[in-house]
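Q: Please take a close look at the salt bridges of this model, and then carry the account on to the side chains that are packed elsewhere in the chain.

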Amino acid sequence: MSGPEDPLLPPPPADTRHESEDQRMDRNWNELLQEMRVLQTGVQIIGGFLLTLPFQQRFGTLTELQKGWFLLLVVLATMTTGLMLVPVSLHRRLFQHHVKYRLVAAGDMIVKGVVACVSLLIAGCAGLIFSVAVGPEAGLAAGGSMLVALAALVLVYPLLSWSPRRTKAEPER
């Protein structure tokens, strides 16, 4: 039996899980929350790292570009943390309104945005560290390289790993 043409569409009615639509939406919501927990840990670690930097002696020696880069990363970390609160806020607003499908769809879009923001944070932090340790050119090169690598990992790989020709009965290769 072949899978759906689009991985974002609901599975065909003959789902092997034998779950109702409500059960599937509950499972999808719980899986989304688990993904958010994983992302939250990374954002907290990066945010904590950024918050300690101004209190280091060497912070005063940063160039204006490096300080601007740092402040941009603080804003990005703060906004990413805020974006991670949106699914919780939506859930509170839509609780018991029987629109779990809309909640899961919105949560899916938000998680994709958070993954993009976390990727930017990781690349930006690597770039800032290289900029301080080696120089601004090295920082731009490292940050740009990390951004390309992360884009390949979080955007390209998932697109290439799913094939409409693959069926559920096929073993993983």
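A: A salt bridge here is a side-chain nitrogen of Lys or Arg within 4 Å of a carboxyl oxygen of Asp or Glu. The model is a predicted one, in which local features need pLDDT of at least 70 and side-chain atom pairs count only at pLDDT 80 or more, while totals for chains, interfaces and linings use all residues. Residues are numbered from 1 along each chain as its sequence is written, and side-chain values rest on heavy atoms, with hydrogens and water left out.

Counted in this way, there are five salt bridges. One of them joins the side chains of Arg24 and Glu21, with 2.9 Å from N to O. Both residues belong to helix α1 and are three residues apart, about one turn of the helix (helices are DSSP runs of H or I with at least four residues, strands runs of E with at least two, numbered from the N terminus). The two partners differ in their cover: Arg24 is buried because its relative accessibility is 8%, whereas Glu21, at 43%, counts as partly exposed (buried is under 20% relative accessible area, exposed over 50%, partly exposed in between, with a 1.4 Å probe and protein chains only).

A second pair reaches across the sequence, for Lys100 forms a salt bridge with Asp26 in which the closest N and O atoms are 2.7 Å apart. Lys100 lies in helix α3 and Asp26 in helix α1, so this pair ties together parts that are 74 residues apart in sequence. Lys100 is partly exposed at 26% relative accessibility, and Asp26 is likewise partly exposed, with a relative accessible area of 36%.

Arg27 takes part in a further salt bridge with Glu19, where the closest N and O atoms are 2.6 Å apart. Glu19 counts as partly exposed, its relative accessibility being 22%. This pair does not stand alone, since Glu19, Arg27 and Glu31 are linked in a network of salt bridges.

Away from these charged pairs, the model holds one aromatic pair. The rings of Phe59 and Phe70 have centres 5.1 Å apart and planes at 75°, so the pair is edge-to-face (ring centres of Phe, Tyr or the six-membered ring of Trp within 6.5 Å; planes under 30 degrees apart are stacked, over 60 edge-to-face, the rest tilted). Phe59 sits in the loop between α1 (21–52) and α2 (64–94), and Phe70 in helix α2, so the pair ties together parts that are eleven residues apart in sequence. Phe59 is buried, with a relative accessible area of 18%, and Phe70 is buried as well, at 5% relative accessibility.

In helix α3, which covers residues 100–133, lies Ser119. Ser119 is buried with a relative accessible area of 9%, and once its neighbours within four places in sequence are set aside, Ser119 is in contact (heavy atoms within 4.5 Å) with Leu147, Leu150 and Val154. Leu160, by contrast, is a residue of helix α4 (residues 136–161) and counts as exposed, at 68% relative accessibility.

Two cysteines are also buried, Cys117 at 18% relative accessibility and Cys125 at 8%. The count of disulfides (pairs of cysteine sulfur atoms within 2.5 Å) nevertheless comes to zero.
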